[in-house]
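Subject: Structure for your review

Dear colleague,

Please find below the structure that I am handing over to you. I would be grateful if you could read the notes beneath it alongside the sequence.

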Amino acid sequence: MKFLDQCKIYLRSGDGGAGAVSFHREKFIEFGGPDGGDGGRGGHVIVEAVPNLNTLIDFRYTQHFKAPKGGHGMGKNRTGAGAPDLIIKMPVGTEVLDEDKETVLVDLTEPGQRAMLCKGGDGGFGNQHYKTSTNQAPRRGDPGWPGEERWVWLRLKLIADAGLVGLPNAGKSTMLAATSRAKPKIADYPFTTLHPQLGVVATDGSEFVLADIPGLIEGASEGAGLGTRFLGHVERCGVLIHLVDGTSEDVARDYRTVREELAVYGGGLAEKKELVALNKIDALDEAEIQSKARKLARASGGKVFRVSGAAGKGVKELMRAAFAEVKARRAAEAEAKAAKNADMESVEIVGSEAEDVEE
């Protein structure tokens, strides 16, 4: 399946049905009066997050989505049928943006989450609606209200707990393959990874999702290499694992290059918790490892893990440290969610007490 994380689609909700102009006809009833029913409501356009999708590739082949129109009103005061809603299924993690590509209309972060993007038009009134004491035979039936239409951008941000960042050939794909069952392409040339990869890492009886994104180079924020477009997939991560190629001549410069691109991109990536790892230590002797680890520690200002994805050295310690950060973030999110639910419940209780007082 091809990976697609950004596309533009057209949405239109259904028009409302027209109201009917009809008069009651029955034997021995000379003036039956108007009995034209109202039109039915047009269908809404609703987006829904589903857990079994991980790409927007379906929207490459279908870009226009139109909800059905409401049914027309009929005689005998029969209201037209309301049209069914058009539900568009999208991967969890999809952002729906307005045509300006900046305004976020909805962020689908949880399975089953729904949002209405275009409201269906209301049905028109039939002539029975306009009957009055002075106008007992109205011949007016309104057309239905038109539906809404808009162009929107879809941008997928994969839901991952931790993300791998670094220069091309820093060993990110090898690390993902060594820690999970993912099978990313691995080769000895830059930009082997052309789109994000996900893997589930098992550590100490628990699991977390690790994302590998294409490598960054100097000037990526200006479009160099594959650019910074794929950084959106690690915006939701709780921790970044910054891999630095130990065989590079200047590991400090490599580290700073990636950090500068993260800062220019924004999205809070530069402020995220970061674990720095000197990779490919299996290709270095002990003196080189010590020297480059010190240089990298001075550049990053923190602890440096010494790992080798190919040989499996230091990988468990790195993944345990990553999971500790992921676990802390999950606990914080659960606490925030519980507090929010408690606030909502208190508001409902206060509202019900106010209603009792009024009664």
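The notes below cover two sheets, the cysteines and two individual residues.

Please keep in mind that this is a predicted model.

**The five-stranded sheet**

One open sheet contains 5 strands in the order E3-E1-E8-E5-E6, and its pairing is mixed. Its edges are formed by strand E3 (64-66) and strand E6 (104-108), each of which pairs on one side only. From one strand to the next, the twist averages 25°.

Within this sheet, strand E5 (residues 94-97) runs antiparallel to E6, and 4 bridges join the two. Two of the facing positions may help you to find the register: Val96 stands opposite Val106 in E6, and Thr94 stands opposite Leu108 in E6. E5 and E6 form a hairpin, with 6 residues between them. In the turn of that hairpin, Lys101 has a positive phi of about 65°.

**The six-stranded sheet**

A further open sheet has 6 strands, ordered E10-E11-E9-E12-E13-E14, again with mixed pairing. Strand E10 (197-203) and strand E14 (304-306) stand at the edges; each has a single partner strand, so one side of each is left without a neighbour in the sheet. The twist here averages 30° from one strand to the next.

Strand E12 (residues 239-245) and strand E13 (residues 273-279) run parallel and are joined by 7 bridges. In this pair, Val239 stands opposite Lys273 in E13. Helix H3 (residues 251-265) packs on the sheet, where it touches E12 and E13, and its direction makes about 145° with that of E12. Helix H4 (residues 286-300) lies across E12, E13 and E14 and runs at about 155° to E14.

**Cysteines**

How many disulfides does a search of the whole structure find? The result is 0. For Cys7, the closest cysteine sulfur is that of Cys118, at 15 Å, and this is too far for a bond, because a disulfide requires the two sulfur atoms to be within 2.5 Å. The converse also holds, since the closest cysteine sulfur to that of Cys118 is in Cys7. Cys7 is buried, with a relative accessible area of 8%, and Cys118 is likewise buried, at 1%.

**Two individual residues**

Leu117 is found in strand E7 (residues 114-118). Is Leu117 buried or exposed? With a relative accessibility of 7%, Leu117 counts as buried, because the cut-off for that class is under 20%. Leaving aside residues up to four places away in sequence, Leu117 touches Leu11, Val45, Val47, Val96, Leu105, Val106, Glu148 and Arg150. Among these contacts are Val96 and Val106, the two residues that stand opposite each other in the hairpin strands E5 and E6. The C-alpha atoms of Leu117 and His44 are separated by 7.8 Å, although the two residues are 73 residues apart along the chain.

Asn52 has its place in the loop between strand E2 (45-50) and helix H1 (58-61). Asn52 is exposed, with a relative accessible area of 65%, because exposed residues are those over 50%. Asn52 lies 38 residues from Met90 in sequence, and the distance between the two is 9.2 Å in space, C-alpha to C-alpha.

Yours sincerely

Key:
Residues are numbered from 1 along each chain as its sequence is written. This is a predicted model: local features need pLDDT of at least 70, side-chain atom pairs count only at pLDDT 80 or more; totals for chains, interfaces and linings use all residues. Side-chain values use heavy atoms; hydrogens and water are left out. Two strands pair if DSSP finds at least two bridges between them. Axes are lines fitted to C-alpha atoms, for helices over the stretch in contact, and angles run from 0 to 180 degrees between N-to-C directions. Buried means under 20% relative accessible area, exposed over 50%, partly exposed in between (1.4 Å probe, protein chains only). Contact means heavy atoms within 4.5 Å.
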